[in-house]
Each structure stands twice: as structure tokens, then as C-alpha cells.
Amino acid sequence: MAIIFALLGVIIILLVILLVRRQTVDLSSLREDNVRMREKLAERLGALAQNAADLKNISGDIANFKNILMGSKQARGSFGERQLEDLVADIMPPETYAFQTTMENGVRPDCIIRLPYPPGDMIIDSKFPLEGYAKYTETPDDGTRKIFELSVRTHIDSIASKYIIPGKTAESAMMFIASESIFETLHREFPGIIDYAARKKVFIVSPATLWATLNTIRAVLSDIKIKRVAGQIKKELDMLLTDLGRLNERAGKLDSHFRATATDLEDLQTSIRKITPRAEKLRELEFGDE
């Protein structure tokens with residue numbers, strides 16, 4: 001019995017030891033899991049903090065953009081001109097455009113796209129009456145709508161009168177709007193303005209539509225340049241063929257001359273061959289003394 005109790009005591013001790021070790025292992029695993037969890041939480045908190053900072057910066061940029069669009073006229077003009085210049089410079093070859101150049105009538109358009117006449121230089125204006133648009137968006141009633149529409153029509157008239165010169169420029173001009181949302185609003189809510197601009201031959205363009213238009217103009221200019229070079233090559237080729245014809249004619253005359261000369265030489269050699277034996281016979285004759 002003593003031995004049995006002793007064995008039971010040993011088994012109990014072993015079980016206690018195993019339980020203690022298992023608890024120690026479980027506690028260690030829990031501590032490791034807690035450490036990993038704290039690390040992941042710290043990473044996520046850091047990411048959230050960075051996102052918050054980015055959102056703050058974006059909010060600041062949006063506020064600055066709004067100040068540009070709705071602030072002073074000079075700031076809006078500079079923003080529109082800068083965006084227009086960047087678009088044109090990125091797409092068009094340097095020799096095909098000019099900024100703030102005085103025209104013959106004394107006006108200084110924001111951009112001139114140099115095109116051969118016809119059609120002639122295309123003028124792009126980057127100004128837009130945003131005051132009326134701002135009032136209309138703040139208070140969208142009939143009064144602000146009429147004021148905004150009138151201001152846009154007046155600006156279209158100004159572009160048509162200053163930048164469309166018969167015989168000097170293209171028969172149309174472009175009014176650049178630096179905001180896609182304003183461009184969309186015009187087409188959606190003010191179709192009368194779009195029709196009026198078309199009748200005045202003033203095309204309203206946004207950054208996206210101007211990008212497409214400039215790429216089309218560039219392709220046309222490249223085609224014109226290729227045709228011009230091809231015309232010059234054809235002209236030079238025609239002249240070369242004419243010179244080759246003259247050279248061939250002169251070579252034929254020279255060949256005839258050479259052939260005639262060769263015939264004359266052969267006749268001369270024949271005469272020499274005939275004369276030589278006779279001279280030899282005369283030398284062989286003996287003449288008596290008188």
C-alpha cells in the first residue's frame with residue numbers, strides 16, 4: 001500500500017509539474033500575442049496619423065484652390081494662364097505657339113497657336129467671369145443666373161471682336177476654362193451660352209478638351225510639314241530628272257563625236273596602210289644617173 005501511495009504521489013507531482021509548465025507556455029504565448037498585437041496597433045495608429053496629416057494637407061490644398069478660384073481676379077487669371085501655358089508647352093512644338101504677344105491690333109492674347117494661313121493663327125483666352133459663377137452657385141436663383149449668363153456672353157463678344165480678325169487670324173477662337181466642373185455646368189445648365197459661343201465662333205474648352213484639340217492641331221501641323229517637305233522633294237526630283245535628261249543628251253552627242261572620231265582614225269590608219277607599201281616600192285626602184 002505504501003508503494004501504491006508513493007506512486008500516486010509521484011503521479012500527482014508529475015501532473016502538477018505538467019500543469020505548471022503548460023500554464024507557463026500558455027502565458028508566454030499570450031505575452032507574445034500581446035506584443036504582436038501592440039505592434040500592429042502601433043502601426044495602424046501611425047498609418048491613421050499619416051492619413052490624418054494627408055487629409056489635413058488635402059483640405060489645405062482644396063482651401064487654397066478655392067481661394068484661387070473665388071479670390072482676387074489677378075490670382076484667378078494667373079492660375080488660368082499658368083494652366084494654359086503648361087498644357088500648350090507640354091503638347092505643342094516650341095515654334096508653334098507664343099504667350100502674351102502683342103497682335104497687330106494692339107491686344108495681347110494669353111496664347112497664340114501659330115497656324116499657316118488659311119486657317120491662320122488660333123487665339124486662346126484663359127480668362128473667365130468667375131464672380132458671376134460664384135454668386136450663382138451661392139444663390140442659384142433667376143437673378144444670379146441672368147447676371148452670370150450675361151457676363152459670359154459679354155466675354156464671348158470681347159473674344160470674338162478682339163481675337164478674330166478676317167484675313168489675319170483663324171475664323172474662330174477658344175475660351176479656356178481651367179475648371180472641368182464649371183465647363184460641365186455650362187453644358188448642363190446653360191446650353192444657351194454654348195449655342196451663343198458657337199454662333200460667335202468662340203469654342204469653349206476645358207483642360208481635357210483643350211488637350212484633345214491641341215493634339216489634333218499638332219497632328220495637322222505635322223501632316224502639313226510632311227506635305228511641304230514632300231513637295232520640296234518632288235520639286236528637287238523633277239529638277240534632277242531634267243538635269244539627268246540633259247546629261248544623257250550631252251553624253252549621246254559626245255558618244256557620237258567619239259564614234260565619228262574613231263571612224264576617222266580608222267580611215268586614216270587605212271590610208272597609212274595603203275601608202276606605206278607604195279613608198280617601200282618607190283624606195284626599191286633604181287634610178288640611173290643622167
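Which residue in E3 is the bridge partner of Ile113? It's Met122, and I'll come back to that pair in a minute.

First, a bit of housekeeping. What you're looking at is a predicted model, with residues numbered from 1 along each chain as its sequence is written, local features needing pLDDT of at least 70, side-chain atom pairs counting only at pLDDT 80 or more, and totals for chains, interfaces and linings using all residues. Side-chain values use heavy atoms, with hydrogens and water left out.

So, how far do we trust this one? pLDDT is the predictor's confidence in each residue, from 0 to 100. The protein chain has a mean pLDDT of 76, and 63% of its residues reach 70 or more. Among the elements, helix H1, residues 2-70, has the lowest mean at 57, while E4 has the highest at 94. Over residues 58-65 pLDDT stays under 50, and there the model has one contact beyond four places in sequence; by contact I mean heavy atoms within 4.5 Å. Where pLDDT is low, the predicted coordinates should not be read in detail.

Now the layout. The chain has seven helices and five strands; these are DSSP runs, H or I of at least four residues for helices and E of at least two for strands, numbered from the N terminus. Along the sequence you get α-α-β-β-β-α-α-β-α-α-β-α. Of the 290 residues, 24% are buried. Buried here is under 20% relative accessible area, exposed is over 50%, and partly exposed is in between, with a 1.4 Å probe and protein chains only. And if you take contacts between residues at least 6 apart in sequence, 63% of them join residues at least 24 apart.

Let's walk across the strands. Two strands count as paired if DSSP finds at least two bridges between them. E2, residues 111-113, is joined to E3 by three bridges and runs antiparallel to it; that's where Ile113 and Met122 sit opposite each other as partners. E3, residues 122-125, then goes on to E4 through two bridges, this time parallel. In that pairing Ile124 stands opposite Met174, and Asp125 has Met175 as its bridge partner. Finally, E4 and E5 pair in the parallel sense over four bridges, with Met175 partnered by Ile204.

Which residues are buried on the two sides of E4? Ala173 and Met175 on one side, Met174 and Phe176 on the other. E3 does something you might find familiar: Met122 and Ile124 point one way, Ile123 and Asp125 the other, and all are buried. Yes, that list has an aspartate in it.

On to the packing. A nonpolar core, for us, is a set of buried Ala, Val, Leu, Ile, Met, Phe, Trp, Tyr and Cys residues joined through side-chain atoms within 4.5 Å. The largest one has 27 residues, and the members touching the most others are Phe128, Phe148, Ile156, Met175, Leu186 and Ile204. H3, H4, E4, H5, H6 and E5 each supply at least two residues, and H4 gives the most, with six. Ile204 is a nice one to click on: leaving out residues up to four places away, it touches Met175, Ile177, Phe183, Leu186, Ile193, Ile194 and Ala197. There's also a second, separate core of 20 residues, including Leu87, Met122, Leu210 and Leu214.

Next, H6, residues 191-199. Its buried residues are Ile193, Tyr196 and Ala197. They're on the same side of H6 because they cover an arc of only 100 degrees around the axis, the arc being that of the directions from the helix axis to the C-beta atoms. What do they pack against? Helix H4, helix H5 and strand E5. Just after H6, Lys201 takes a positive phi of about 60 degrees.

Two polar residues to finish. Ser172 is in the loop between H4 and E4, and it's buried, at 12% relative accessible area. Beyond its neighbours within four places in sequence, Ser172 contacts Met122, Ile164, Lys201 and Phe203. Asp157, over in H4, is partly exposed at 30%. With residues up to four places away set aside, Asp157 touches Tyr196 and Lys200. Asp157 and Tyr196 are 39 residues apart in sequence, with 9.5 Å from C-alpha to C-alpha.
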